[in-house]
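Hi everyone, thanks for making time for this. I'd like to walk you through one protein model, piece by piece, so get comfortable and have a look at the screen.

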Amino acid sequence: MSEDILGADYDVVTIPLPPDDEGEVVATLVRRVVPGARRAVLYLHGFTDYFFQAHLADHYVAQGVSFFALDLRKYGRSLLPYQTRGFVRSVTEYFPEIDAAVRIIRAEHDELVVNGHSTGGLVAALWADRVRGRGLVQALLLNSPFLDLNVPVLVKGVADALKGVFARLPARAVLPVGVSTVYGDSIHLSREGEWDYDLDWKPLGGFPVHAAWLAAIRRAHHRLQGGLRVDVPVLVLCSDQSLRVRDFVPEVRNSDTVLDVEQIARHATRIGPRVTVVRVAGGVHDLVLSAEPVRKQVFDEMDRWLAYALPGALPGALPGKTEQPVVGGGDQHQGGAAQHAGQ
């Protein structure tokens, strides 16, 4: 273990993994442990991402919950000089490092919540489906999970028709997809945002889209959309609106400019039998990077739901109501008010 780049409150554990065709592979578990804590959270980041959201860890730790974040292989702290950034041929390649992280966490904690963002949310759902019935995880909390491609139907059809061809292409084969910096511009301190992070690990224009990676993502999408049987409560949070633009406009500060939130809400119901969807007005793609009043609502929604889904005394936890919410396959909340999705 060594001190993390976020400071003395954090340490890191390097998880060695079997080599792939590019060579040595590692993942990195970032830890902020609360002595004596029963519950822990494991955070999984998205594509073109790594863990830097220290205020998210602060929120959990203030409630007596240990916080862990996994920089997946070929991302952030785990990226080795010769590796293709973010590249895998199947999202199941991430399962061994998640398994290893969970073994470390559960050795000292009784309950685990997996908190996945974007691609990390997709991976978390598929992993939880694989380990159902084993009691390894007690709840899933998904922040704008990547459940479908936010592209025109024709483009999506072409991608699906060619995914077999894409899967066989070399790792460095890149699709000619235009790069937009709109989302990065809206959140990074150097542009129009308030967050400071490493632009080498999370560039404003994102990572190149490799053909074989896209094929892997589409297989994962189809697997989830065909229906999973995750056997723990699931909270899916997303913005109340999406915006597709090429250049920065003020509205990007209160919209998801990466994914289609209607797709998220619709496909979320396929994760398992106990899914709650919350639409957050004014949220950006990574909801915890939204403007302060919005992210406060995001944290409140997370706390309220966890108090229902995993009842139990936690230091500093919000007092919950006594009744259980309705959390069937299509229930949604908009700004805190229950609204049946009719799906």
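I'll go through a few strands, then a pair of helices, and then some single residues.

One thing up front: what you're looking at is a predicted model. Keep that in mind as we go.

Okay, let's begin with strand 3, which covers residues 23-32. How many of its 10 residues are buried? Eight of them, so we can call this strand mostly covered. Now, who does strand 3 pair with? On one hand there's strand 2, residues 7-20, which runs antiparallel to strand 3 and is joined to it by eight bridges. If you want one pair to find on your screen, take Thr-14, whose bridge partner in strand 3 is Thr-28. The chain gets from strand 2 to strand 3 by a hairpin, with two residues making the link.

Strand 3 also pairs with strand 5, residues 66-71. Again the two run antiparallel, this time with five bridges. Look for Leu-29, which has Leu-70 in strand 5 as its bridge partner.

Let's go back to that loop between strand 2 and strand 3, since Asp-21 sits there. Is Asp-21 buried or exposed? Its relative accessibility is 65%, and the cut-off for exposed is over 50%, so Asp-21 counts as exposed. There's another thing to spot here: Asp-21 and Ala-171 are 150 residues apart along the chain, yet their C-alpha atoms are separated by 9.4 Å.

Next up is strand 9, residues 275-280. Here six of the six residues are buried. You can check that from both faces: Val-275, Val-277 and Arg-279 are buried on one side, and Thr-276, Val-278 and Val-280 are buried on the other. How does strand 9 run relative to strand 8, residues 234-239? The two are parallel, and six bridges join them. One of the pairs is Cys-238 with Arg-279 in strand 9.

Now for the helices. Helix 1, residues 54-61, and helix 9, residues 292-309, have axes that come within 12 Å and cross at roughly 40°. That angle is why we call the two helices oblique to each other. The crossing itself is right-handed. If you zoom in, His-55, Leu-56, His-59 and Tyr-60 from helix 1 meet Arg-295, Phe-299, Met-302, Asp-303 and Leu-306 from helix 9. Sorted by type, the residues of this contact are five nonpolar, two polar and two charged.

Last part: single residues. Thr-48 is in the loop between strand 4 and helix 1. Its phi is near 50°, which is a positive value in a residue other than glycine. Thr-48 counts as buried because its relative accessibility is 7%.

Ser-118 also has a positive phi, about 55°, and it isn't a glycine either. You'll find Ser-118 in the loop between strand 6 and helix 3. At 6% relative accessibility, Ser-118 counts as buried.

And finally Thr-119, which belongs to helix 3, residues 119-130. Thr-119 has a relative accessibility of 6%, so it counts as buried too. What does Thr-119 touch, leaving aside its neighbours within four places in sequence? The contacts are His-45, Gly-46, Phe-47, Phe-146 and Ile-217.

That's my tour, thanks for listening!

Terms used:
Residues are numbered from 1 along each chain as its sequence is written. This is a predicted model: local features need pLDDT of at least 70, side-chain atom pairs count only at pLDDT 80 or more; totals for chains, interfaces and linings use all residues. Side-chain values use heavy atoms; hydrogens and water are left out. Helices (H or I, at least four residues) and strands (E, at least two) are DSSP runs, numbered from the N terminus. Buried means under 20% relative accessible area, exposed over 50%, partly exposed in between (1.4 Å probe, protein chains only). Contact means heavy atoms within 4.5 Å. Two strands pair if DSSP finds at least two bridges between them. Axes are lines fitted to C-alpha atoms, for helices over the stretch in contact, and angles run from 0 to 180 degrees between N-to-C directions. Angles under 35 degrees count as roughly parallel, over 145 as roughly antiparallel, 65 to 115 as roughly perpendicular and the rest as oblique. A crossing is left-handed if the near helix is turned anticlockwise from the far one by less than a right angle, and right-handed if clockwise. Ala, Val, Leu, Ile, Met, Phe, Trp, Tyr, Cys and Pro count as nonpolar, Asp, Glu, Lys and Arg as charged, and the others, Gly among them, as polar.
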